[in-house]
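Biologist: Can you pull up the model we talked about? I have a few quick questions on it.
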Amino acid sequence: MPPKMSRAMKRRMKKKEEALALQQRIKEARENPTTQSKSVIELQAINNRLSAVNMHINKIRSDGDCLFNAVLDQLQHIGRNDLNDQHELRVLTSDYMMQHPNDFAPFLYDEHNDLEEYCNKMRDTHCWGGNLELQALSKVLQVNITIYAQDNVVEFEEENYQNTIHLSFHKHQYVLGEHYNSVLPNS
């Protein structure tokens, strides 16, 4: 009769099985031509949109900080060198959201219904940023933000902001999630 498994051993086995299942899903997604074609179609649509306004994508590393790194890249291109890294942007963003809870708390997802918890996670980890963070960044940095996506262009604008930064948003470029790149004028 085989020895009885401890709870710790069962947990380790379950984690190992989950990791293997995730690796298998990633492998299948990479091999799935539907996923690849969605990515190609999306990229072509964004490139067409950008070509019409004489701009191109400046690729940003996909690491959970892509939104913040794309914003940093854009800030450098408009001569704003007052921020050192993505963590500073995360802190500014989280602080702004905490100072303006009525602008953000109603839009949190069910699993993130506590604004303070959400902002702490955004500030202290490499979790992905999105629409809420873009709105906060526009306000705290006092810049307009234009985002080019496959099906539309989204703008966060204030009349009194003098500078505009440009990003591209990709739903299908990477298997594991959404992605932001910086967008630059063609030279």
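Biologist: Where is M5 found?
Modeller: This is a predicted model, to start with. M5 is found in the segment before helix 1, which covers residues 7-31.

Biologist: Is M5 buried, partly exposed or exposed?
Modeller: M5 is partly exposed, because its relative accessible area is 34%, and partly exposed covers the range between under 20% for buried and over 50% for exposed.

Biologist: What does M5 form on the surface with M9 and M13?
Modeller: A nonpolar patch. M5, M9 and M13 together have about 250 Å² of accessible area.

Biologist: New topic, the sheet. In what order do the strands come?
Modeller: The order is 1-5-4-2-3. The sheet is open, has 5 strands, and its pairing is mixed.

Biologist: Which strands stand at the edges?
Modeller: Strand 1 (55-58) and strand 3 (153-156). Each has a single partner strand, so one side of each is left without a neighbour in the sheet.

Biologist: How much are neighbouring strands turned against each other?
Modeller: By 30° on average, with direction ignored.

Biologist: In which sense do strand 2 and strand 3 pair, parallel or antiparallel?
Modeller: Antiparallel, over 4 bridges; strand 2 is residues 144-148. In that pair, Y148 stands opposite V153 of strand 3.

Biologist: And what holds paired strands together in general?
Modeller: Strands of a sheet pair through backbone hydrogen bonds.

Biologist: Which strands does helix 3 touch?
Modeller: Helix 3 (residues 66-77) packs on the sheet and touches strand 1, strand 4 (164-174) and strand 5 (177-185). Its direction makes about 10° with that of strand 5.

Biologist: What about helix 7, which strands does that touch?
Modeller: Helix 7 (residues 131-141) also packs on the sheet, and touches strand 2, strand 3, strand 4 and strand 5. The direction of helix 7 makes about 150° with that of strand 2.

Biologist: Let's switch to charges. How many salt bridges are there?
Modeller: The count comes to 5 salt bridges. One of them joins the side chains of R90 and D65, at 2.7 Å from N to O.

Biologist: Where do R90 and D65 lie?
Modeller: R90 lies in helix 4 (residues 86-99) and D65 in the loop between strand 1 and helix 3, so the pair ties together parts that are 25 residues apart in sequence.

Biologist: Are R90 and D65 buried or exposed?
Modeller: Both are buried.

Biologist: Which residue does R80 meet in a salt bridge?
Modeller: D82, at 3.3 Å from N to O. R80 is partly exposed, with a relative accessible area of 24%.

Biologist: And D124, which residue is its partner?
Modeller: R123, with the closest N and O atoms 3.1 Å apart. R123 counts as partly exposed, at 22% relative accessibility.

Technical notes. Residues are numbered from 1 along each chain as its sequence is written. This is a predicted model: local features need pLDDT of at least 70, side-chain atom pairs count only at pLDDT 80 or more; totals for chains, interfaces and linings use all residues. Side-chain values use heavy atoms; hydrogens and water are left out. Two strands pair if DSSP finds at least two bridges between them. Helices (H or I, at least four residues) and strands (E, at least two) are DSSP runs, numbered from the N terminus. Axes are lines fitted to C-alpha atoms, for helices over the stretch in contact, and angles run from 0 to 180 degrees between N-to-C directions. Contact means heavy atoms within 4.5 Å. Patches are made of residues with over 30% relative accessible area and no salt bridge: like charges are joined within 9 Å, nonpolar side chains (Val, Leu, Ile, Met, Phe, Trp, Tyr) within 5 Å. Accessible areas come from the Shrake-Rupley method with a 1.4 Å probe; for residues, only the protein chains shown count as cover. A salt bridge is a side-chain nitrogen of Lys or Arg within 4 Å of a carboxyl oxygen of Asp or Glu. Buried means under 20% relative accessible area, exposed over 50%, partly exposed in between (1.4 Å probe, protein chains only).
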